[in-house]
Amino acid sequence: MIEVIELKTDRLVLKKLSYSDIDDYAEWKSQDVYHTHLPSKAKTKEEYKKTIESIIKGYEDKDDPNLIWGVFYNDKLIGTVSIEDWNTTHRWCEIGWGLNPKFQKQGFAYEATKCLIQHIFEKLQMNRISIVIWDGNEASKNLAKKLGFVQEGIERQARYKNDKFIDLYCYGLLKEEWK
Ligand SMILES: CC(C)(COP(=O)(O)OP(=O)(O)OC[C@H]1O[C@@H](n2cnc3c(N)ncnc32)[C@H](O)[C@@H]1OP(=O)(O)O)[C@@H](O)C(=O)NCCC(=O)NCCS
């Protein structure tokens, strides 16, 4: 079982979401622009209430493949970092990230993800972290490179959105490469 425990950086606290975070969560998730390079679509605040409920339920499920840490800055939820799939036999997991556009380009995603990676390698004893990024998502590609991820391949036309097939860029980071 992987637990979402509280983690801290210089500026941020990473911790479980709670029902009271709904306004902050919907503030950015309900913007179309946030979903440009994601399979998801913007939803209403009412719909996101259900999403938060299911995230909170997931915290109690020892086999939940999708574990979400809220990223808090001055007590405000400004984004999430997540383990989106994991396997303790092969000591592998996949991660994801997303920040409220108002708080982007201030180094927050880098700071939060670096902390999560540290936790994954040191405390969760994983050996490998993967991330898959849609073609066109230059912010995420650059963030992955800045964190030390190596581009390992491209799954051609692996996703379909808005009448277009999109290539998936696959990145990996090994424990032995992490400093
Ligand atoms: C990807 C994302 C999380 C980056 O968040 P952020 O907080 O703005 O990123 P940071 O400020 O920590 O930037 C870290 C690095 O990412 C890269 N980066 C961030 N925003 C960028 C942009 N708009 N264009 C190009 N590179 C960018 C840069 O290399 C940057 O390092 P630098 O400042 O030294 O140049 C954010 O754009 C986002 O939430 N996008 C929508 C959700 C999404 O696409 N999730 C990814 C699913 S795979």
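These are my notebook entries on a predicted model, taken element by element.

**Entry 1, the sheet.** I began with the strand order and found that eight strands form an open sheet, running β1-β2-β3-β4-β5-β6-β8-β7, with mixed pairing. The edges are held by β1 and by β7 (150-161), each of which pairs on one side only. As a reminder to myself, strands of a sheet pair through backbone hydrogen bonds, either parallel or antiparallel.

**Entry 2, β1, β2 and β3.** I then looked at the β1 end of that order. Strand β1 (residues 7-8) pairs with β2 in the antiparallel sense over two bridges, and a hairpin of three residues joins β1 to β2. Within this pairing I noted that Leu-7 has Leu-14 of β2 as its bridge partner. On the other pairing I followed, β2 and strand β3 (residues 67-73) are antiparallel over four bridges, and Lys-15 stands opposite Gly-70 in β3.

Which residues of strand β2 make up its covered face, and which its uncovered one? In β2 (residues 12-15) the covered face consists of Leu-12 and Leu-14, while Val-13 and Lys-15 form the uncovered face. I set beside this the general rule that in a regular strand the side chains alternate between the two faces of the sheet.

**Entry 3, α3 and the core.** Helix α3 has 15 residues and reaches 21 Å from its first C-alpha to its last, close to the 21 Å expected at 1.5 Å a residue. I listed the buried residues of α3 as Phe-108, Ala-109, Ala-112, Thr-113, Cys-115, Leu-116, Ile-117, Ile-120 and Phe-121.

Which element gives the most to the largest nonpolar core? That core has 38 residues, and those with the most contacts inside it are Leu-14, Val-71, Val-81, Ile-95, Ala-112 and Leu-116. It is α3 that gives the most to this core, with eight residues. I followed Ala-112 further and found that, leaving out residues up to four places away in sequence, Ala-112 touches Thr-9, Leu-12, Leu-14, Val-71, Gly-79 and Val-81. Leu-14, which lies on the covered face of β2, is thus a residue I met again among the contacts of Ala-112.

**Entry 4, the ligand shell.** I counted the surroundings of the ligand next: 22 residues surround the ligand, and the closest are Gln-104, Ala-109, Tyr-110, Ala-139 and Asn-142. The elements that give two or more residues to this shell are β5, α3 and α4 (138-146), and the largest share, six residues, comes from α4. By class, I have the shell as 10 nonpolar, nine polar and three charged residues. Ala-109 is one of the closest residues to the ligand and is also listed among the buried residues of α3.

**Entry 5, α1, α2 and two distances from Ala-26.** The buried residues of helix α1 (residues 22-29) are Tyr-25, Ala-26, Trp-28 and Lys-29, and what covers the buried residues of α1 includes α2 and β4 (76-87). I used Ala-26 as a reference point for two C-alpha separations. Glu-47, in helix α2 (residues 45-60), is 21 residues from Ala-26 in sequence and 9.2 Å from it in space, C-alpha to C-alpha. Gly-107, in the loop between β5 (92-99) and α3 (108-122), is 81 residues from Ala-26 along the chain, and their C-alpha atoms are separated by 22 Å.

Is Glu-47 buried or exposed? Glu-47 is exposed, because only 12 or fewer other C-beta atoms within 10 Å are needed for that class and Glu-47 has 12. Gly-107 likewise counts as exposed, with 12 C-beta neighbours inside 10 Å.

**Entry 6, positive phi.** Most residues other than glycine have a negative phi, and most peptide bonds are trans. I therefore wrote down two residues with positive values, citing the general rule above. Asp-75, in the loop between β3 and β4, has a phi near 70°, a positive value in a residue other than glycine, and Asp-75 counts as exposed with 7 C-beta neighbours inside 10 Å. Gln-157 lies in strand β7 and has a phi near 50°, also positive in a residue other than glycine; with 12 C-beta neighbours inside 10 Å, Gln-157 counts as exposed.

Terms used. Residues are numbered from 1 along each chain as its sequence is written. This is a predicted model: local features need pLDDT of at least 70, side-chain atom pairs count only at pLDDT 80 or more; totals for chains, interfaces and linings use all residues. A residue is buried if 20 or more other C-beta atoms lie within 10 Å of its own, exposed if 12 or fewer, and partly exposed in between; C-beta atoms are placed from the backbone. A residue is near a molecule or strand if its C-beta atom, placed from the backbone, lies within 6 Å of it. Ala, Val, Leu, Ile, Met, Phe, Trp, Tyr, Cys and Pro count as nonpolar, Asp, Glu, Lys and Arg as charged, and the others, Gly among them, as polar. The expected span of a helix is 1.5 Å times one less than its number of residues. A nonpolar core is a set of buried Ala, Val, Leu, Ile, Met, Phe, Trp, Tyr and Cys residues joined through C-beta atoms within 7 Å. Two residues are in contact if their C-beta atoms, placed from the backbone, lie within 7 Å. Two strands pair if DSSP finds at least two bridges between them.
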